[in-house]
Amino acid sequence: PLFVVLLLGGASPMAAQKLLRPGDPPLVWRTPAECAGVTAPPNATKDTPGYTPARPFAVIPSLDSPRALRGKVVEVRMLIGSLGTLDSVEVGGLTDEKFKARYIKSLRDVAPKSNLRPAYYQGCAVATWWSYSMRMGEG
């Protein structure tokens, strides 16, 4: 099956550094020892002081999804680790277990190629959950 990949946030880490205003600190400026135990606040957004969101991605299932799933809403949650890796995936709304397994596999296959970047909070790379919803194609 064909899966379409949608990269969100498109800029490279170097470009993200350039988007900071003059005088802003770099995204990572604390040592690993100083970052031990640092976590992003729950429900942090790009407007949270000292927080830069992770660069996520989405995989859009192909139109050959099972007919029973068409029109259904799928909820996807991904844990992007502090090293910029896809650490966990949760998918809700897919009742066809074979299709769900293929979809999760496609997320895991695409993740290493998608140039993920972790979130940053107070000068430390931090793990964060990212979610998206989509409606399966009506075909």
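In what order do the strands of the open sheet of three strands with S5, S4 and S8 come, and is their pairing parallel or antiparallel? Here are my notes, with one thing to keep in mind as you read: this is a predicted model.

1. **The sheet in that question.** The order is S5-S4-S8, and the pairing is antiparallel. Strand S5 (86–92) and strand S8 (128–135) are the edge strands, since each of them pairs on one side only. Going from one strand to the next, you'll find a twist that averages 15°.

2. **What sits on that sheet.** Have a look at helix H3, residues 97–110. Helix H3 packs on the sheet and touches S4, S5 and S8. Compare its direction with that of S5 and you get an angle of about 150°.

3. **S4 and S5 up close.** Strand S4 covers residues 73–80 and runs antiparallel to S5, with six bridges joining the two. You can pick out some of the pairs yourself: Ile-80 has Leu-86 as its bridge partner in S5, while Glu-75 stands opposite Gly-92. Between the two strands of this hairpin there are five residues. Look for Gly-84 in the hairpin, as Gly-84 takes a positive phi near 80°.

4. **Tyr-132, a residue worth clicking on.** Tyr-132 belongs to strand S8. Is Tyr-132 buried or exposed? Its relative accessibility is 11%, and buried means under 20%, so Tyr-132 counts as buried. If you set aside the neighbours within four places in sequence, Tyr-132 still has a good list of contacts, including Phe-57, Ala-58, Val-59, Val-74, Val-76, Met-78 and Leu-107. Glu-75 and Tyr-103 are also in contact with Tyr-132.

5. **Two of those contacts.** Take Glu-75 to begin with: this residue and Tyr-132 are 57 residues apart along the chain, yet their C-alpha atoms are separated by 6.1 Å. Then there is Tyr-103, whose side chain is joined to that of Tyr-132 by a polar contact of 2.5 Å.

6. **Another three-stranded sheet.** There is also an open sheet with the order S2-S6-S7, again with antiparallel pairing. S2 and strand S7 (124–126) are at the edges with a single partner strand each, so one side of each has no neighbour in the sheet. S2 pairs with strand S6 (residues 119–121) over two bridges, in the antiparallel sense. Within that pairing, Thr-52 has Tyr-120 in S6 as its bridge partner.

7. **Arg-55, a charged residue on the inside.** You'll find Arg-55 in the loop between strand S2 (51–52) and strand S3 (57–60). Which side chain of opposite charge is nearest to Arg-55? That is Asp-87, 15 Å away, and Arg-55 has no salt bridge although it is buried. The side chain of Arg-55 does reach the backbone oxygen of Asn-115, at 2.7 Å.

8. **Stepping back.** Overall, the protein has three helices and eight strands. Starting from the N terminus, its elements run β-α-α-β-β-β-β-α-β-β-β. The protein has 139 residues, and 37% of them are buried. Finally, take the contacts between residues at least 6 apart in sequence: 77% of them join residues at least 24 apart. The pair Tyr-132 and Glu-75, 57 residues apart along the chain and in contact, is one you can check in the structure above.

Terms used: Residues numbered from 1 in each chain as written. Predicted model: local features only at pLDDT ≥ 70, side-chain atom pairs only at ≥ 80, totals over all residues. Heavy atoms only, no water. Pairing = 2+ DSSP bridges. Helix = DSSP H or I, 4+ residues; strand = E, 2+ residues; numbered from the N terminus. Axes fitted to C-alpha atoms, helices over the stretch in contact; angles between N-to-C directions. Contact = heavy atoms within 4.5 Å. Buried < 20%, exposed > 50% of the residue type's maximum accessible area, 1.4 Å probe, protein only. Lys, Arg positive; Asp, Glu negative; His and termini not counted. Salt bridge = Lys/Arg side-chain N within 4 Å of Asp/Glu carboxyl O. Polar contact = N/O pair within 3.5 Å; in protein donor to acceptor, adjacent residues only side chain to side chain.
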